[in-house]
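Welcome to this short tour! Please open your viewer, switch to a cartoon view, and keep the selection tool at hand.

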Amino acid sequence: VVDSYFLAAIVITFPSGYVGGHGGLVLDRGEICKHSLRGWFAVDCVASIPWDWIPVSENLQAFRIFRMLRLTRMLRLARLQIMMRKLEDRLDSEAVVLGLALAKLLGVLLMTAHWVACLWWAIGVYS
């Protein structure tokens, strides 16, 4: 489900215009494609592949490569941080900026709780 969401997001956002360096909206299809391909397109494509559906052979080297490719999903967090910073710069309302800060704090708290739960699961399985 999550992989299909991100694949759909790539299809939807790829042809979308962007704000250029001069501050104007760029709507030329060729420029949009160049901008998209120079940006996060490759990372999004690799991160959106459902790696869990691909059978991994007994070859340890292939298994390691698949594990590394699955880690590209973590790069989405860096992209999210960049997008949040840009959004905060554009907002004038202090209440909205405070709400975003609270949402980020909640996200960090949930992510930390998830990692701790994963650690406890690993301890239970491997002990």
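At roughly what angle do the axes of helix H5 (residues 75-90) and helix H6 (residues 94-126) cross? Select both helices and turn the view until you can look along them. This is a predicted model, and in it the two axes cross at roughly 165° and come within 11 Å. Angles over 145 degrees count as roughly antiparallel, so H5 and H6 are roughly antiparallel to each other. The crossing of H5 past H6 is left-handed.

Now show side chains where the two helices touch. On the H5 side, pick Leu 77, Met 84, Leu 87 and Glu 88. Their partners on H6 are Val 97, Leu 100, Lys 104 and Met 111. Try colouring this contact by residue class: six residues are nonpolar, two are charged and none is polar.

Keep H5 on screen and add its other neighbour for this tour, helix H3 (residues 41-48). Here the axes lie 10 Å apart, and the packing angle is about 135°. Is this pair oblique or roughly antiparallel? With that angle, H3 is oblique to H5, because roughly antiparallel would need an angle over 145 degrees. H3, too, passes H5 in a left-handed crossing.

For the residues at this second contact, select Val 43, Asp 44, Ala 47 and Ser 48 in H3. They meet Leu 75, Arg 76 and Arg 79 in H5. Colour by class again, and you will find three nonpolar, one polar and three charged residues.

Next, move to helix H2 (residues 29-38) and click on Ser 36, which sits in it. Is Ser 36 buried or exposed? Its relative accessible area is 15%, and buried means under 20%, so Ser 36 is buried. Leaving aside residues up to four places away in sequence, Ser 36 touches Phe 14 and Phe 41. Show both of these rings together with the serine to see the contacts for yourself.

For the last stop, select the cysteines. How many disulfides are there? A disulfide needs two cysteine sulfur atoms within 2.5 Å, and by this rule the count is zero. Take Cys 45: the nearest cysteine sulfur belongs to Cys 33 and is 13 Å away, and Cys 45 is in no disulfide. Switch on the surface to look at accessibility. Cys 45 is partly exposed, with a relative accessible area of 27%. Cys 118 is partly exposed as well, with a value of 38%.

Terms used. Residues numbered from 1 in each chain as written. Predicted model: local features only at pLDDT ≥ 70, side-chain atom pairs only at ≥ 80, totals over all residues. Heavy atoms only, no water. Buried < 20%, exposed > 50% of the residue type's maximum accessible area, 1.4 Å probe, protein only. Axes fitted to C-alpha atoms, helices over the stretch in contact; angles between N-to-C directions. Helix = DSSP H or I, 4+ residues; strand = E, 2+ residues; numbered from the N terminus. Parallel < 35°, antiparallel > 145°, perpendicular 65-115°, else oblique. Left-handed = near helix turned anticlockwise from the far one by under 90°. Contact = heavy atoms within 4.5 Å. Nonpolar A, V, L, I, M, F, W, Y, C, P; charged D, E, K, R; others polar.
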